[in-house]
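Here are some comments to read alongside the model, arranged as numbered points. Please keep the sequence and the structure in view as you go through them.

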Amino acid sequence: MVTTVFYTAVTANGFLADEHDSLDWLFAVPGAEDAENDMGDFLATVGAFVMGAATYEWVLRHEEEQRPGMWAESYGALPCFVVTHRTLAVPPGANVRFVQGEVASFWPDLVEAAGDGALWLVGGGDLVGQFDDAGHLDQIRLSVAPAFLPAGKPLLPRRIGPERLQLESARASGQFVEVAYRVLPAAP
């Protein structure tokens, strides 16, 4: 059975990006490299990953343009599913698959692609909420940064109450605090 993990960096007051969809706040944190190195350990456990179109476009625009070949270097042939209704570019050598509709409609493809590895939900928050709505969110791992933003994209625009979150771990990683919560099933 695949484990679905939402793993992301977030400001201390719960934003993924600022009001201009920028992650400049993240890259300004001293010690961000240490936290990024920890990401390599996590990626070794991942069988496939999923992201929304806005996140995918941000990665292409801000990462691949600045460092051509970044996708192949970071993700190799790891299957990436992008939830979108649009046709988008694909970096050379990337194993990108475009899907649309309800999570249930492409869930079997995700499970097959992940194999024995985890399924990493990269973002955004609404997409992660859709996985929770479908009963397919098992863990939330947050790298909490020492930054506060006045506005921006919220971490998860859904209610998941404390009765559904069970702390698994908390630790320092450079200037970040990484916390992991097991997500319990919603009550019927």
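1. Which residues have the most contacts inside the largest nonpolar core? In this predicted model, they are W25, F49, M51, Y56, W71 and W120, in a core of 35 residues. Helix α3, which spans residues 53-64, supplies the largest share of this core, namely five residues. A second core of 28 residues is separate, and V50, F81, L142 and I160 are among its members. As a general background, nonpolar side chains in soluble globular proteins tend to be buried together.

2. The sheet is worth tracing strand by strand, for it is open and has eight strands in the order β5-β4-β3-β6-β1-β7-β10-β9, with mixed pairing. Its edges are β5 (96-99) and β9 (165-173), each of which pairs on one side only. On average, neighbouring strands are turned by 20 degrees against each other when direction is ignored.

3. At the β5 edge, strand β4 (residues 80-83) runs parallel to β5 and is joined to it by four bridges; C80, for instance, has V96 in β5 as its bridge partner.

4. Two helices deserve a careful look against the sheet. Helix α5 (residues 103-114) lies across β1, β3, β4, β5 and β6, and runs at about 145 degrees to β3. Helix α6 (residues 125-133) packs on the sheet as well, where it touches β1, β3, β4, β6 and β10, and its direction makes about 140 degrees with that of β6.

5. Finally, consider Q139, which is found in strand β7 (residues 139-145). Q139 counts as buried because its relative accessible area is 15%, and buried means under 20%. Leaving aside residues up to four places away in sequence, Q139 touches T4, V5, F6, E168, A180, Y181 and V183.

Notes
Residues are numbered from 1 along each chain as its sequence is written. This is a predicted model: local features need pLDDT of at least 70, side-chain atom pairs count only at pLDDT 80 or more; totals for chains, interfaces and linings use all residues. Side-chain values use heavy atoms; hydrogens and water are left out. Buried means under 20% relative accessible area, exposed over 50%, partly exposed in between (1.4 Å probe, protein chains only). Contact means heavy atoms within 4.5 Å. A nonpolar core is a set of buried Ala, Val, Leu, Ile, Met, Phe, Trp, Tyr and Cys residues joined through side-chain atoms within 4.5 Å. Two strands pair if DSSP finds at least two bridges between them. Axes are lines fitted to C-alpha atoms, for helices over the stretch in contact, and angles run from 0 to 180 degrees between N-to-C directions.
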